[in-house]
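Please look through the sequence and the structure below before reading on. The paragraphs that follow begin with the whole chain and then turn to a metal site.

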Amino acid sequence: MLHNADLHCHSTVSDGLLSAPELARRAKANGVTLWALTDHDEISGLAAARAAAGEVNLAMVNGVEISVSWIMGREEQTVHVVGLDFAAENQALRDGLAQVRSGRDERARQMAAELDQVGIHDAYAGALRYVSNPALISRAHFARYIVECGRAREVKNVFDHWLTPGKPGYVAHQWAKLADALKWIHGAGGVAVLAHPGRYRLSKRAQTELLAAFKELGGEGIEVISGSHSAEQTREFAQIARKHALLASSGSDFHGPKESWLDLGRAPPLPDGLTPVWSLFAAAR
Ligand code: AMP
Ligand code: MN
Ligand code: MN
Ligand code: MN
């Protein structure tokens, strides 16, 4: 079946601005026919998402976006792996995600201490005011506080000056290992998708290594369409998906009405010659 699939977005249980039920209704209204909620390192929004999706008759698969530290040689790169269509009650997955979340609070305190040095005061308390799930404080919450302080016009501009490698407020962090993230997803019967591959600052060689490592570990798909991909990146990753026989996924990475590149359901269709990742999902039939 042909789908307008949106398999990547965030609710208030991570760093999105809308609740899971609000997202389900917005997805439906925008023409999405297959939906996944993929909060960062967190699946506590899925029950409410499923109930709301049911009410509006929207097909849904479970989702999560896992933060991963990928180590190649001496370099380390944070990458995101989207898990889809897994059993949310799986204990190893739940324990793994709890472990990934557990470092966030201390990291946030360190980020605030750094921001204090450059004149952005009380950032921990300030960011927390944007957090609805205390287990999940992210850079996006800090970005909202920095906008509130008048230091940037929009959340998107914050990352040009703060919170990214080499800039104040960036604290290197140890996330999950790639192998563990894939093990948790697969152990729960799910499918692993490399999120927004165009976002990583990798050399061609490192990118090829990452894709090879991901495939080697059983990774099934990559996001060819992402709210954070340019048209050129879409073509590039479509080509890569064909070449490496990876399934293709599509997601807006929607965080909120004024904070996102793309609204729910507004992504272009997959380019030709690709097998959609949803060909694996019973819910898509
Ligand atoms: P964290 O998981 O705490 O490192 O936060 C990552 C989140 O910060 C992303 O999922 C986005 O919500 C936000 N973010 C990171 N970089 C950018 C950017 N360049 N523009 C907008 N949001 C960003
Ligand atoms: Mn986010
Ligand atoms: Mn991401
Ligand atoms: Mn995301």
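**From the whole chain to a metal site**

In this predicted model, the protein has 285 residues and a radius of gyration of 18 Å, which agrees with the value near 19 Å of a compact globule; the radius is taken over C-alpha atoms, and the globule rule is 2.2 Å times the number of residues to the power 0.38. The C-alpha trace spans about 55 × 45 × 40 Å along its principal axes. Of the 285 residues, 54% count as buried, that is, under 20% relative accessible area with a 1.4 Å probe and protein chains only.

Local features need pLDDT of at least 70 and side-chain atom pairs count only at pLDDT 80 or more, while totals for chains, interfaces and linings use all residues. Residues are numbered from 1 along each chain, chains are lettered from A and ligands numbered from 1 as written, and side-chain values use heavy atoms, without hydrogens and water.

The manganese ion (ligand 2) is coordinated by Asp15, His40 and His255 at 2.1 to 2.6 Å, where donors are N, O and S atoms within 2.8 Å of the metal (3.2 Å for Na, K and Ca), and sites may look incomplete because water is not among the atoms. Its six donor atoms subtend angles of 53 to 160 degrees, so the arrangement is irregular; six donors count as octahedral if opposite donors are over 155 degrees apart and all others between 65 and 115. Both aspartate 15 and histidine 40 are buried. The manganese ion (ligand 3) lies 5.9 Å from the manganese ion (ligand 2).

Alanine 284 is also buried, with a relative accessible area of 5%, and its C-alpha atom is separated by 9.2 Å from that of alanine 5, although the two are 279 residues apart along the chain.

Definitions and conventions. Buried means under 20% relative accessible area, exposed over 50%, partly exposed in between (1.4 Å probe, protein chains only). Four donors count as tetrahedral if all angles lie between 85 and 135 degrees; four count as square planar and six as octahedral if opposite donors are over 155 degrees apart and all others between 65 and 115; anything else is irregular.
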